[in-house]
Amino acid sequence: MQTLNIAVTLAFIGVIFGTTSCRNIDDSELHANSDGRFSSDVLQVARQVVEAFNTQDGKKLASLVHPEKGVRFSPSAYIDITSDVVFSRDQIKTFWTDNKTYTWGLTDGTGDPIDMTPSQYCRVYIMNRDFLKPSSINVNNDQAAGNTSNNAALVYSNGTRVEYYIEPSKSDKLPGLDWAALRLVFERSDDSWFLVGVIHDEWTI
C-alpha cells in the first residue's frame, strides 16, 4: 500500500470533526491508495478510539481493539515488543476501573520504571494533550521527529498508522520542542479496522 500523507489543518478539522460523532469523510479530502480505495474508514475508526480514550469509555474502546492480538501500549516512539504492555479486549473493558499497577516501560532521561494504573497511564502517556484538536492527522507518514528511534513501521509492517500530531508552539521557553504525537496502529480483520498499537511520542531528554 502506497504511503499516504493526509495533512489536515486545524480549520479543516473543525469542519470534519466538529461533532462528537463521525461523519463520512469526502473522498476529495483524502489521498487515494494505489488500488484506488480511500482511507476514510480507518480515519473514522481512529477518531472513535480517541473519543473513547477522552470519555474513558472502556466498552467502546474494547469493541475497536483487535479481538485476537489485543493492543500494545508504547510510552515512546520506540516499540519494545518484549516489555511493552499488551491488553486484551476484556482488559480494555475495565481499563479505567482497574486499580492494578503495571510497569509500562522506562522513563526517558532517568530510566525509572513507569509504574502506573491504566487510568494514570492514559492521563500521562495517551491523552496528555488535546488530541481531539490536532494540528494534523497523518496516515503512514509520521510528522513527529524526536530523539527517540521510531520503529513503528518495522514492528507493525502489516499495520496502518494514524498519527494525531500537535505542532510545537512558538514559546520562548521551549522553542520547537513542545510538540506531541499520538499514533494509533490498526490492522484489518474481516473487512474491519482494529486497534493493535497505541504509541506516545514527544521530545525526550
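**View 1. Strands S5 and S6 run antiparallel, joined by 4 bridges.** S5 covers residues 136–139, and Ser136 sits opposite Tyr165 of S6. This is a predicted model, where local features need pLDDT of at least 70 and side-chain atom pairs count only at pLDDT 80 or more, while totals for chains, interfaces and linings use all residues. Residues are numbered from 1 along each chain as its sequence is written, and side-chain values use heavy atoms, with hydrogens and water left out. Strands (E, at least two residues) and helices (H or I, at least four) are DSSP runs, numbered from the N terminus. Two strands pair if DSSP finds at least two bridges between them.

**View 2. Strand S6 (residues 160–166) is largely enclosed by the rest of the structure, because 7 of its 7 residues are buried.** Buried here means under 20% relative accessible area, with over 50% called exposed and anything in between partly exposed (1.4 Å probe, protein chains only). Thr160, Val162, Tyr164 and Ile166 point one way from S6, while Arg161, Glu163 and Tyr165 point the other way. Besides S5, S6 pairs with strand S7 (residues 180–189), antiparallel again, over 7 bridges. Look for Ile166 opposite Ala180 in S7.

**View 3. Zoom out and you get an open sheet of 6 strands, ordered S2-S1-S8-S7-S6-S5, with mixed pairing.** S2 (85–87) and S5 stand at the edges with a single partner strand each, so one side of each has no neighbour in the sheet. From one strand to the next, the twist averages 20°, going by axes that are lines fitted to C-alpha atoms (for helices, over the stretch in contact), with angles from 0 to 180 degrees between N-to-C directions. Over at the S2 edge, S1 (residues 71–74) and S2 pair antiparallel through 3 bridges, and Arg72 has Val86 in S2 as its bridge partner.

**View 4. Helix H2 lies across S1, S5, S6, S7 and S8 (192–202), at about 125° to S7.** H2 takes in residues 40–55, and its 16 residues should span 22 Å at 1.5 Å a residue; the end C-alpha atoms are 23 Å apart, which agrees. That expected span is 1.5 Å times one less than the number of residues. Since 12 of the 16 residues are buried, H2 is largely enclosed by the rest of the structure; among the buried ones are Val42, Leu43, Arg47, Glu51 and Phe53. Right after H2 comes Gln56, with a positive phi near 55°.

**View 5. Asp142 sits in the loop between S5 and helix H6 (152–155).** Asp142 is buried, at a relative accessible area of 18%. Its side chain makes polar contacts with the side chains of Asn150, at 2.8 Å, and Arg161, at 3.3 Å. A polar contact is a pair of N or O atoms within 3.5 Å; within protein, one must be able to donate a hydrogen and the other to accept it, and residues adjacent in sequence count only if both atoms are side-chain atoms. Leaving aside neighbours within four places in sequence, Asp142 is in contact (heavy atoms within 4.5 Å) with Asn150, Arg161, Glu163 and Arg183.

**View 6. The structure holds 13 aromatic pairs.** Take Phe87 and Phe95: the ring centres are 5.7 Å apart and the planes at 70°, so this pair is edge-to-face. Rings of Phe, Tyr and Trp (its six-membered ring) pair if their centres lie within 6.5 Å, with planes under 30 degrees apart counted as stacked, over 60 as edge-to-face and the rest as tilted. Both Phe87 and Phe95 are buried, and both belong to one aromatic cluster that also includes Phe53, Phe73 and Trp96.
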